[in-house]
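Please explain how this structure is put together, moving from helix contacts and charged pairs to loops, aromatic rings and the main pocket.

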Amino acid sequence: MAKKRPQTKAKRPQTTDGARGAGADGLIPVVGAREPCPCGSGRRYKACHGRAAAQAATELVHRPFEGLAGEGDWVALRELVPAATVGLTLRSGLPEGVPSVTLATVLPMAWPALRRDDGSVLLGLQNDTASGDISRDLADTLQRALTAAPGTPVEGRRAPADGPRLQDLLDPEGAFEPVVHEGFEFWVPDAENATPEVTASLERANAAAIPTVRLTGVDAAYWCETPDKNHLRWVMPHPEEQLLDALARLHAAGKSSLGEGTRLVGSFRAHGLTVPVWDLPSGVTAEDIEKPAAEFAERLAGALATDAPLTPDERRARGGLTNRQVTLS
């Protein structure tokens with residue numbers, strides 16, 4: 001049910017994985033666990049700054065995009081959508097020489113970020129991150145991209161444990177309006193002068209992209225086309241247990257479909273949110289599913305407002321839905 005992220009044969013950017021300390025750049029050299037900590041405290045590294053570094057490496061933030069405008073779309077663009085961009089609004093405004101900041105699902109050569117020749121910044125969302133907090137790693141990459149030399153990519157690294165998160169850098173009132181693209185041509189404003197590596201990466205990415213459309217009548221719902229059937233993947237903000245109960249009520253009542261030939265087949269778990277998935281006949285387009293999705297949203301709202309115990313049929317329906325969950329993150 002999930003898309004395949006575009007793959008390239010290019011070497012992925014290396015992660016700078018230093019331990020955090022009091023150096024001018026927020027990093028101190030990596031040393032052995034039993035060696036003296038480079039900060040000068042006199043304690044062993046594992047009992048000093050090594051402890052914070054180890055915690056930063058293993059602590060997982062369950063909902064990294066919580067509090068951001070468009071949380072469901074952040075999750076969809078991270079896990080489900082091949083090619084999309086979103087203009088980002090910074091709390092402090094754009095720095096001098098940076099005309100725009102754009103979030104992109106994927107960048108050429110799997111770069112975490114890119115400062116273009118004109119000074120604009122592209123921030124890649126679907127990259128591996130070094131710590132357990134995607135939001136903090138992305139914020140660190142964004143900050144470094146804002147000051148990078150024009151025309152250069154930004155490599156990944158583990159963000160300092162006390163560094164800002166996206167929630168600190170982005171304007172909470174700023175609109176988050178994804179634009180879904182058929183391919184990755186947005187990578188290269190001047191395709192004729194692109195390097196052979198970027199051109200090859202673009203061709204591979206376009207070949208792997210699944211046709212995808214964002215619905216306009218409901219939030220964070222994405223239609224996609226595959227060779228055998230189409231799907232609707234809908235990122236929902238409701239608590240998982242409450243949502244599964246509501247879906248089970250509708251399923252048991254025969255009201256969980258989106259029309260003839262459609263079927264609720266399960267769900268994904270991704271970054272703290274649940275993503276119900278429907279199978280659609282291959283002839284059903286994104287436009288066809290707009291009205292049924294809006295009608296389903298009304299039925300779901302009613303089911304979410306019900307707190308009565310589940311009936312036996314509803315419990316069986318819930319068990320079936322739970323067994324067909326796939327965790328993406």
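**A walk through the predicted model**

Aspartate 313 counts as partly exposed at 46% relative accessibility, on a scale where buried means under 20% relative accessible area, exposed means over 50% and partly exposed lies in between, computed with a 1.4 Å probe on protein chains only. The structure is a predicted model, in which local features need pLDDT of at least 70 and side-chain atom pairs count only at pLDDT 80 or more, while totals for chains, interfaces and linings use all residues. Residues are numbered from 1 along each chain as its sequence is written, and side-chain values use heavy atoms, with hydrogens and water left out.

Aspartate 313 has its place in helix H8, where helices (H or I, at least four residues) and strands (E, at least two) are DSSP runs numbered from the N terminus. Its C-alpha atom is separated by 6.0 Å from that of alanine 252, although the two residues are 61 residues apart along the chain.

Helix H8 also takes part in a charged contact, for the side chains of glutamate 314 and arginine 249 meet in a salt bridge with an N to O distance of 3.6 Å. Because glutamate 314 lies in helix H8 (residues 312-323) and arginine 249 in helix H6 (residues 240-252), this pair ties together parts that are 65 residues apart in sequence. Both ends of the bridge are buried: glutamate 314 has a relative accessible area of 14%, and arginine 249 has 12% relative accessibility.

Side chains of opposite charge can pair when their charged atoms come close. The rule applied here takes a salt bridge to be a side-chain nitrogen of Lys or Arg within 4 Å of a carboxyl oxygen of Asp or Glu, and by this rule the count comes to 15 salt bridges. One of them lies inside a single helix, since arginine 144 and aspartate 140 both belong to helix H3, 4 residues apart, or about one turn of the helix. Their closest N and O atoms are 3.1 Å apart; arginine 144 is partly exposed with a relative accessible area of 22%, whereas aspartate 140, at 7%, counts as buried.

Another salt bridge joins arginine 63 to glutamate 71, with the closest N and O atoms 2.7 Å apart. Arginine 63 is partly exposed at 25% relative accessibility, while glutamate 71 is buried with a relative accessible area of 11%. These two residues belong to a network of salt bridges that links Arg63, Glu66 and Glu71.

The loops hold further details of backbone and side chain. Most residues other than glycine have a negative phi, and most peptide bonds are trans. Alanine 110, however, has a positive phi near 60°; this residue is found in the loop between strand S4 (101-104) and strand S5 (113-115) and counts as buried at 10% relative accessibility. Histidine 271, likewise not a glycine, has a positive phi of about 50° and lies in the loop between strand S12 (263-270) and strand S13 (273-280), where its relative accessible area of 6% makes it buried.

Asparagine 127 occupies the loop between strand S6 (121-124) and helix H3 (134-146), and it too is buried, with a relative accessible area of 11%. Its side chain reaches the backbone oxygen of tryptophan 111 at 3.3 Å.

Turning to the aromatic residues, a search of the whole structure finds 7 aromatic pairs. Phenylalanine 184 and tryptophan 187 form a tilted pair, 5.0 Å centre to centre with 45° between the planes; rings of Phe, Tyr and Trp (its six-membered ring) pair if their centres lie within 6.5 Å, and planes under 30 degrees apart count as stacked, over 60 as edge-to-face and the rest as tilted. Phenylalanine 184 is buried with a relative accessible area of 0%, and tryptophan 187 is buried at 4%. Elsewhere, ring pairs link Phe65, Trp74 and Phe176 into a cluster.

Tryptophan 187 leads on to the largest pocket, whose lining of 17 residues has Leu114, Asp117, Trp187, Val188 and Pro189 nearest its centre. A pocket here is an open set of points on a 1 Å grid over the protein atoms alone, where a 1.4 Å probe fits, with protein on both sides within 12 Å along at least five of seven lines, and lining residues have an atom within 4 Å of a point. The volume of the largest pocket is about 400 Å³, a volume being the space filled by probe spheres set on the points, which are joined across faces, edges and corners. Its lining divides into 9 nonpolar, 3 polar and 5 charged residues, with Ala, Val, Leu, Ile, Met, Phe, Trp, Tyr, Cys and Pro counted as nonpolar, Asp, Glu, Lys and Arg as charged, and the others, Gly among them, as polar.

Methods. Polar contact = N/O pair within 3.5 Å; in protein donor to acceptor, adjacent residues only side chain to side chain.
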